Amino acid sequence: MKIETISIHAGNKLDEDSRAVTQPIVLSSTFERGKDGGYPSGYMYSRIDNPNRKSLENVIAKLENGADCCAFATGNTAGMSVFQCLEPGSHVICPDDMYHGLRNQLKFVFKGIIDLDFVDLTQIDEIEKYVKGNTRMIWVETPSNPLLKIADITAIAVIAKKHNLKLVVDNTFATPYGQQPLALGADLVMHSTTKFLNGHSDVCGGAVVSKEKDAFWEKMRNLQVLGGAVPSPFDCYLVTRGIKTLAYRMRGHEYNAFELAKYLEAHPAIERVFYPGLKSHPQFDLASKQMTSFGGMLSFCVKAGEEAARSLVNNVKIFTQATSLGGVESLLEHRYSIEGPDSKTPKNLIRASVGLENLEDLIADLDKNL
């Protein structure tokens, strides 16, 4: 089936009693055992499994063409669970531009537990130089946050397989609609389902999809069950419902973002625009080959500097100054101020999550304030 059909049907189950076409929310924390002590429904306890979580995991696994999926309470929890599956002392190669929340988790929560190198993954010839005897994983984020760097998943997969490393791709910005990392050689795909998969800025969640059910994946599933950092049934219901419109939402996000990127690139007040769909993007050719959609995220630098960038995000009316991304509403954020003093993000950079409002309204809002 195509992605539109998978999105609508793979996360839904017809209720046998009511024949409701939309799956009900099952809030029960526990499930009745059979006379033999077994679990005839297949469910025992909601930390272990729940009908709504099973539906969510099924649709995300199918969207990514994976063997299985584990859903978590947040995107950071999903990432943390991947790193917790590594043995202490393992070395991980990470991108130099990545989501600051996960980067800080690695630097502070896993300090002394995991050895790290933050590398420019766009420089393929340099990556292998960082592989050591204790290297176990390469973590890729493409497009990256917030500079929209594009990493060559296929080329990095060759390096990973050569050294028997796990290749994990954070596919949050691209979504399964825009990129299929497992088909390009990745072993695992991670999502913050809070973002485009849910698409309505009203729930937090995360997910990890595996290409195969190997020993590493069994460790991951066991960690999910024993750690218990799982989404509630209602959260699962919301994300599953959001996914139903994913393909159509992403078309709107991409159209608005692409047109906005071209408008900003031509504006005299803008120093630079970061969007993989622009021919001026350093990895435009790779993005065109690797991605089926350039997505709804872009960043841009204001010529007049940091204070002008801060003024812009404070004075727009349709855009909202807020953290997060992927909702139907457009957001702007001055990234340096949230990432902290060790941030390598330019101080005059604004990240935009381009929503589904009328394009002319969005341009008018920026134009007035630029």
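Which residues touch the most other members of the largest nonpolar core? In this predicted model, they are Ile60, Ile138 and Leu167, within a core of 50 residues. Each of domain 1 (3–241) and domain 2 (248–368) supplies at least three residues to this core. A search of the whole structure turns up zero disulfides, and one cavity of 30 Å³ or more is present.

**Nonpolar cores**
- Ile138 touches Ile93, Ile127, Ile156, Ile159 and Ala160, leaving aside residues up to four places away in sequence.
- On the same basis, Ile138 also touches Leu165, Lys166, Leu167 and Val168.
- Leu167 thus appears twice: as a contact of Ile138, and among the three core residues that touch the most other members.
- Another core, of 31 residues, lies apart from the largest one. Its members include Ala261, Val273, Ala352 and Leu362.
- In soluble globular proteins, nonpolar side chains tend to be buried together.

**Cysteines**
- Cys70 takes part in no disulfide. The nearest cysteine sulfur belongs to Cys69, 6.7 Å away; a disulfide would need the two sulfurs within 2.5 Å.
- Cys70 counts as buried because its relative accessibility is 0%.
- Cys301 has 2% relative accessibility, so it is buried too. The cut-off for buried is under 20%.

**Cavity**
- The largest cavity has a volume of about 70 Å³.
- Its lining comprises five nonpolar, two polar and five charged residues.
- Among the lining residues are Pro95, Leu121, Val140, Ile150 and Ala151.
- Asp96, Asp97, Asp120, Glu141 and Lys149 also line the largest cavity, as do Thr122 and Ser144.

Key
Residues numbered from 1 in each chain as written. Predicted model: local features only at pLDDT ≥ 70, side-chain atom pairs only at ≥ 80, totals over all residues. Heavy atoms only, no water. Core = buried A, V, L, I, M, F, W, Y, C linked by side-chain atoms within 4.5 Å. Buried < 20%, exposed > 50% of the residue type's maximum accessible area, 1.4 Å probe, protein only. Domains from an automatic or database assignment. Contact = heavy atoms within 4.5 Å. 1 Å grid on protein atoms, 1.4 Å probe; cavity = no way out; pocket = protein on both sides within 12 Å on 5 of 7 lines; lining within 4 Å. Points joined across faces, edges and corners; volume = space filled by probe spheres on them. Nonpolar A, V, L, I, M, F, W, Y, C, P; charged D, E, K, R; others polar.
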